[in-house]
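Let's take a look at how two chains meet and how a ligand sits against the protein. Have the structure open while you read.

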Amino acid sequence: MPGGLCLEVCPAAAEGALRAPLIPGDRPRLAISPASCLYFKDQRSTLCQDICPEEAIDFDQAPRQVEIKADALVLATGFQPYPAATKERLGHGRVADVVTALELEQGLRDHGGPARPSDGRPPASVAFIQCVGSRERLGHNYCSRVCCGYALRLGRHLRARHGVAVSIFYMDLQSFGHALDDFMAAARQELNLIRSMPYDVYQGHDGQVVLEYQAVSGQPPVKGRFDLVVLSVGMAPNPDNPELAQACGAGLDHHGFLSSRPGVFVAGAATRPLDMAEVVAQASGAAQEALRYLEERP
Amino acid sequence: MKSPNRHGVFLCQGGHGGQESLDFKRLRWTAEAQGVPVFEVTQACAQEGAAAVARLAAEGGLDAFILGACPLAGPGGPLAGELWRAGLKPEMVQHLDLCQKPLGQTGQCLVMDGGALALDQALVVQAARFQPESREMEVSRRVLVLGSGLLALKAAQGFLLGGYKVLLITPGRRLAPPEPLLGLEAKLEATALARELEASERLEVVPRGELLRLAGSAGDFTVTVLDRQRRRWTRRVGAVLVTQGPATRLNSGETGLEPGPRVVSLAELLLWLSSPEHFRKKLPAQGQPRVGLAVGLGQEASPLSLRVACLAARGLVGELGAEVTLFTGQAKMASPDLEELTQEVRGLGVVFVKFDNHRPQASPRPDGVGLRYFEEILGRELSQDLDLVAVDEVPGPDQAWRGLARVLGLNVARDGSLQPDQVNALPTASARAGVFLLGPASGAWDLPAALDQVGQALAGARALLGQGKARVEEGRVRVDRRRCAICLTCVRVCPRQAMDRRDRRPAANPLACTACGTCASECPMEAIQIAGQDDQRFAREIGAAVSKSPSGLLAAPEREMLVFACANSAGPALAAARLAGRPWPSGVRLVRVPCAGKVDPAYVLWAFQQGLDGVLVLGCYEDACHSLTGGTWAAYRAGHLSRLLTEAGCDPRRLISSGVAPNMHAQVMDMVEQARQRVEDLGANPLKTQARVRDFLSRFTVRIDETYAIAG
Ligand SMILES: Cc1cc2nc3c(=O)[nH]c(=O)nc-3n(C[C@H](O)[C@H](O)[C@H](O)COP(=O)(O)OP(=O)(O)OC[C@H]3O[C@@H](n4cnc5c(N)ncnc54)[C@H](O)[C@@H]3O)c2cc1C
Ligand code: SF4
Ligand code: SF4
Ligand code: SF4
């Protein structure tokens with residue numbers, strides 16, 4: 001385990017209250033995650049603050065205002081993964097073995113393999129539900145661009161490395177990049193791809209999760225049973241974008257994403273859903289614009 | 001070029017100072033035997049310990065030092081900050097992972113088995129450490145832009161504003177953008193831009209020009225151009241931007257939609273729509289025209305196709321009152337506002353028919369096209385008679401495009417782009433340093449994504465060319481002129497095309513070279529050495545990895561194996577695994593290489609000859625290689641080496657070559673463990689005992705010589 005006295009005394013370290021990145025050189029070396037830190041629950045545990053010889057942890061730190069003079073501003077505040085629990089119907093938070101793709105990835109990273117939250121056992125069958133929080137007329141009315149690709153990759157990984165039978169429920173498969181047709185052909189071979197969106201998710205009697213969906217219109221619905229259901233959450237604008245736009249003078253589109261204005265440059269997924277490579281391209285472009293703005297200023 | 005002369009070794013005693021184990025003593029003796037000053041510290045993983053290291057290093061006037069400690073004291077630990085504070089550079093420390101399992105500041109660290117051998121290896125590396133001197137290199141501030149569409153014009157504008165010169169080759173007669181797919185607005189923008197740019201003195205346009213040759217390398221290319229008057233001339237340019245794409249063909253797949261008067265491309269349909277009166281004459285005089293639009297029925301399409309189809313559908317309904325059906329494979333919606341555009345078009349009455357596992361079949365009709373298909377949602381066969389069908393386009397087999405790729409020294413990938421088939425290639429990167437790809441050339445057909453790339457390519461080219469002078473490190477790759485036979489193997493194998501020919505001799509361009517070492521491994525004359533990573537160093541490092549203990553002569557020796565770890569993939573993965581507390585298996589030594597391409601087959605053979613029982617080469621996956629071809633070379637050489645080892649009577653299973661990704665810290669130790677297990681099962685390398693005897697005798701001989709020397 002990476003070092004740090006705080007990490008050794010933290011009773012909730014296993015739940016991720018204190019995190020240390022495994023990539024050497026990543027900063028910060030240690031970070032408290034308010035989501036699982038006990039102090040943020042009831043202010044009781046201050047073990048880490050007490051033991052830290054450097055007095056680096058200060059739960060009572062008061063916010064202070066700092067004034068910085070700058071000629072240009074770059075906003076690279078990114079996105080938020082769509083909060084899946086708001087989709088009551090899909091069972092996140094209600095059915096134990098329904099997780100988001102982000103939670104699945106975190107599990108894979110931390111434990112090396114997939115596990116069901118209910119009993120910690122590796123699942124034999126997994127279903128992905130696509131477009132969670134994307135492509136909805138009365139909500140986020142856009143395609144998030146990355147979720148099909150990551151679901152297909154995760155699905156292929158689960159099958160190849162952990163022998164899991166994988167089904168993916170979708171509307172249209174978005175996938176981009178090199179050797180795409182080969183990738184899609186392999187995915188079709190290895191995964192059970194079902195063009196239908198489940199409309200109900202509930203706990204089955206046998207410990208499995210039940211998905212109800214319509215396979216062919218006019219016929220009775222199908223009930224699929226899976227050990228684990230993964231919600232492919234989309235890329236949503238940060239909830240504080242309106243205030244940020246107002247405070248900085250950035251543009252705000254009707255979805256809630258930001259856009260550049262003279263002197264204020266927006267970089268990355270704060271502008272719209274983009275994958276990693278596109279974020280890098282878009283952000284270097286924004287940096288370029290900012291540079292030119294500074295050069296051209298009198 | 002100089003190598004630092006003041007070295008040192010810091011050894012951390014872990015949580016408890018003063019309690020010296022025999023293992024720890026061995027470490028000290030190893031360093032002292034090499035005549036290197038040794039400093040003992042405690043808790044180098046903590047702020048205080050790290051500060052002590054930095055202070056001692058400053059006081060001792062060291063140029064570089066090794067810190068033997070646990071992974072917690074390594075990169076990411078407190079030492080880097082302390083060195084900065086002491087006015088020293090963090091690069092001066094070479095971290096050596098010496099502790100069996102990092103325990104943090106409360107436990108006593110146990111010295112890793114074989115720690116003394118690892119330190120021996122590290123001392124070799126230290127001695128070979130290379131501090132490059134930098135020099136200024138003159139680079140050209142002219143940029144070649146191929147194409148004259150919106151992307152090319154935007155890029156040219158960026159360069160002109162940045163004070164660069166632009167040479168622009170266009171297939172057209174003058175600087176006029178080709179008819180863009182996205183209709184009038186884009187056309188107007190591009191035309192206005194073309195007018196604005198034409199006035200610039202620093203822009204040189206070559207109408208109907210052709211690029212014949214691209215010689216040289218990043219910052220210093222020489223282009224040969226054929227102009228409209230069939231004259232050939234050359235210019236020096238620093239960077240090249242490719243914005244055009246390959247020619248296209250109809251994406252009909254197996255549908256039987258053959259081009260003809262009733263089956264056209266979407267682009268052509270858009271053109272017709274720009275004069276609806278004219279278009280109307282092509283359709284039946286009576287009744288509502290029935291038009292089909294087909295997208296992604298052959299290959300996977302891009303969002304651009306769907307966008308164009310929607311724009312066409314809007315025009316067809318609005319201008320001609322047509323009845324429109326849009327047939328699609330996977331509808332690619334992932335582009336700004338495309339979801340809304342499709343909804344709008346549906347609202348106009350356009351019917352979408354989506355196919356997952358089926359495809360429509362076309363049959364010609366006297367005055368149109370018949371389409372029969374299985375409607376997957378309804379679950380039954382349907383058919384439709386259409387007056388006209390417009391089909392999207394995908395990159396076609398294109399001789400001219402292949403020709404251009406050859407001139408640029410690039411390959412045409414399967415998606416028609418010129419990008420390397422590497423998952424980690426950034427959007428505008430090509431395999432050749434200094435050549436940037438935009439839009440269709442990089443596989444991005446969709447305009448929003450392509451426009452984003454313009455900024456990235458500008459940034460990349462500007463970082464390369466700066467203000468006409470670039471700082472480069474001198475002498476990283478040295479070609480020995482006396483050995484070189486000018487076979488040009490190095491020029492061919494360099495993945496970045498950094499090997500230039502200067503005065504007919506190969507020379508690496510430091511702006512393009514990544515010091516991957518592939519050329520050095522492949523040179524048949526051993527004429528190339530990478531400074532700080534030369535053959536001598538690796539030979540000594542491999543030699544140092546073999547236990548010199550003669551005990552193996554009598555008792556059954558312990559299995560010893562070597563891991564060659566690529567710094568781009570296996571390096572970070574192993575470091576993270578150690579940080580996570582995975583213990584290092586006994587009998588396994590590590591040799592770090594800049595790239596798997598640097599693992600010369602001779603190193604592997606040398607390792608076996610020295611008596612090592614197994615060799616594991618860990619490089620990048622072939623399609624995710626940071627220096628593009630390292631993984632491929634490793635796989636190829638493993639096959640070749642297997643044959644050689646078999647011939648030599650050594651079981652080829654002792655050599656394992658495997659791909660790994662930098663984030664695979666959860667798996668990489670298992671890979672090492674499995675390899676070790678296999679070597680364990682295979683037993684001792686038959687050469688081992690011989691090697692031990694040889695080594696034992698040679699040491700004995702040295703002793704005698706020394707005695708004579710002293711006596712004399
Ligand atoms: C489940 C999931 C899986 C994905 N998988 C892939 C994949 O496999 N491949 C791929 O290419 N892409 C993938 N993506 C997309 C990828 O995550 C994004 O493209 C990328 O993270 C965007 O980078 P960014 O820097 O623009 O934004 P972010 O990563 O969101 O970074 C924004 C940063 O700004 C900080 N911030 C926010 N607000 C403020 C503020 N007001 N002040 C200061 N700081 C602030 C945030 O804390 C954050 O650190 C995936 C996305 C999701 C949701
Ligand atoms: S990428 Fe796929 S899952 Fe994500 S919103 Fe688009 S269609 Fe839905
Ligand atoms: S591969 Fe070696 S011998 Fe051949 S040209 Fe290059 S340096 Fe000379
Ligand atoms: S070291 Fe690598 S990048 Fe440099 S010239 Fe040799 S092969 Fe090319």
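A:Asp182 pairs up with B:Arg414 in a salt bridge, and their closest N and O atoms are 2.2 Å apart. Keep in mind that this is a predicted model. Across the interface of chain A and chain B, the rule finds six salt bridges, along with 18 residue pairs in polar contact.

Which elements of chain A give two or more residues to the side that touches chain B? They are helix 1 (5–9), helix 6 (180–190) and helix 8 (276–296). Helix 8 of chain A gives the largest share, with 11 residues. Sorted by class, that side of chain A has 20 nonpolar, 15 polar and 18 charged residues.

Now for the whole interface: 53 residues of chain A are in contact with 62 residues of chain B. The area buried between these two chains is about 4700 Å², and carbon and sulfur atoms give 49% of that.

Next, the ligand. Ligand 1 is surrounded by 17 residues, and the closest include A:Thr77, A:Arg153 and A:Ala269. Helix 8 turns up here as well: helix 4 (101–111), helix 5 (147–162) and helix 8 of chain A each supply at least two residues of the shell. By class, the shell has 10 nonpolar, four polar and three charged residues.

Here are some distances from an oxygen atom of ligand 1 to a polar backbone atom:

| Residue | Distance |
|---|---|
| A:Phe79 | 3.3 Å |
| A:Leu274 | 2.7 Å |
| A:Met276 | 2.7 Å |

Taken alone, ligand 1 exposes 1000 Å², and the protein buries 61% of that.

Technical notes:
Residues numbered from 1 in each chain as written. Chains lettered and ligands numbered in written order. Predicted model: local features only at pLDDT ≥ 70, side-chain atom pairs only at ≥ 80, totals over all residues. Heavy atoms only, no water. Contact = heavy atoms within 4.5 Å. Buried area = accessible area lost by both parts, 1.4 Å probe. Salt bridge = Lys/Arg side-chain N within 4 Å of Asp/Glu carboxyl O. Polar contact = N/O pair within 3.5 Å; in protein donor to acceptor, adjacent residues only side chain to side chain. Helix = DSSP H or I, 4+ residues; strand = E, 2+ residues; numbered from the N terminus. Nonpolar A, V, L, I, M, F, W, Y, C, P; charged D, E, K, R; others polar. Near = heavy atom within 4 Å. Areas by Shrake-Rupley, 256 points an atom, 1.4 Å probe, with all protein chains shown as cover.
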